[in-house]
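Student: Please show me the model. I want to know why each label is used.

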Amino acid sequence: FRMLLVGYFEGLDSQRAIAWRCADSFSLKSFLGYSLTERTPDHSSLTRIRQRLPESVHEAVFTKVLSMAESRG
């Protein structure tokens, strides 16, 4: 979910772009809970993760996270 949030907030519309951005950024690796030398999931992993849950679940999580972020400024 965190990688998908990165894609949302950075305007990335493909799993490949999200995976590349997360692998390329030390600060995003830290946000995702990975060490600087640890590999982040690739685009095919994101696809499998996204397919495990219905779109309604993803939308509900994003809505909740966005409302929490908005309420905390």
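Student: Why is arginine 21 called partly exposed?

Tutor: Its relative accessible area is 26%. Buried means under 20%, exposed means over 50%, and partly exposed lies in between (1.4 Å probe, protein chains only). The value 26% falls in between, so arginine 21 is partly exposed. A word on the source: this is a predicted model, where local features need pLDDT of at least 70 and side-chain atom pairs need 80 or more, while totals for chains, interfaces and linings use all residues. Residues are numbered from 1 along each chain as its sequence is written, and side-chain values use heavy atoms, without hydrogens and water.

Student: What makes arginine 21 and glutamate 10 a salt bridge?

Tutor: Their side chains meet at 2.7 Å, N to O. A salt bridge needs a side-chain nitrogen of Lys or Arg within 4 Å of a carboxyl oxygen of Asp or Glu. The 2.7 Å value is within 4 Å, so the pair qualifies. The structure holds one salt bridge.

Student: Why can such side chains pair at all?

Tutor: Side chains of opposite charge can pair when their charged atoms come close.

Student: Which parts does the arginine 21 and glutamate 10 pair tie together?

Tutor: Arginine 21 lies in helix H2, and glutamate 10 in the loop between H1 and H2. The two are eleven residues apart in sequence. Glutamate 10 has a relative accessible area of 35%, so this residue is partly exposed too.

Student: How many helices and strands does the protein chain have?

Tutor: Five helices and zero strands. Both are DSSP runs, numbered from the N terminus: helices (H or I) take at least four residues, strands (E) at least two.

Student: How many aromatic pairs are there?

Tutor: Two. One joins tyrosine 8 and phenylalanine 9, at 5.3 Å centre to centre with 75° between the planes.

Student: What makes the pair of tyrosine 8 and phenylalanine 9 edge-to-face?

Tutor: Rings of Phe, Tyr and Trp (its six-membered ring) pair if their centres lie within 6.5 Å. Planes under 30 degrees apart count as stacked, over 60 as edge-to-face and the rest as tilted. Here 5.3 Å is within 6.5 Å and 75° is over 60, so the pair is edge-to-face.

Student: And why is the pair of tyrosine 8 and phenylalanine 62 called stacked?

Tutor: The centres are 6.1 Å apart, and the planes differ by 25°. That angle is under 30 degrees, so the label is stacked. This pair links distant parts of the chain. Tyrosine 8 is in helix H1 (residues 2–9), phenylalanine 62 in helix H5 (residues 55–71), and they are 54 residues apart. Ring pairs link Tyr8, Phe9 and Phe62 into a cluster.

Student: Is phenylalanine 9 buried or exposed? What about phenylalanine 62, buried or exposed?

Tutor: Phenylalanine 9 has 51%, which is over 50%, so this ring is exposed. Phenylalanine 62 has 17%, which is under 20%, so this one is buried.

Student: How do you know that arginine 2 sits over the ring of phenylalanine 31?

Tutor: The charged end is 5.1 Å from the ring centre. The rule asks for NZ of Lys or CZ of Arg within 6 Å of the centre and within 35 degrees of the ring normal. The 5.1 Å meets the distance limit.

Student: Which residues form the largest nonpolar core?

Tutor: Eleven residues form it: Met3, Leu4, Leu5, Val6, Ile18, Ala19, Cys22, Leu28, Leu32, Leu46 and Phe62. H1, helix H2 (15–24) and helix H3 (26–32) each give two or more residues. H1 gives the largest share, four residues.

Student: What makes it a nonpolar core?

Tutor: Such a core is a set of buried Ala, Val, Leu, Ile, Met, Phe, Trp, Tyr and Cys residues, joined through side-chain atoms within 4.5 Å. Phe62, at 17%, counts as buried.

Student: Why is histidine 58 called buried?

Tutor: Histidine 58 has 8% relative accessibility, under 20%, so it is buried. This residue lies in helix H5. Leaving aside neighbours within four places in sequence, histidine 58 is in contact (heavy atoms within 4.5 Å) with Phe1, Leu4, Ile49, Arg50 and Leu53.

Student: And what makes histidine 43 partly exposed?

Tutor: Its relative accessible area is 28%, in between 20% and 50%, so the label is partly exposed. Histidine 43 is found in helix H4. Not counting residues up to four places away in sequence, histidine 43 touches Gln15, Arg16 and Ala19.
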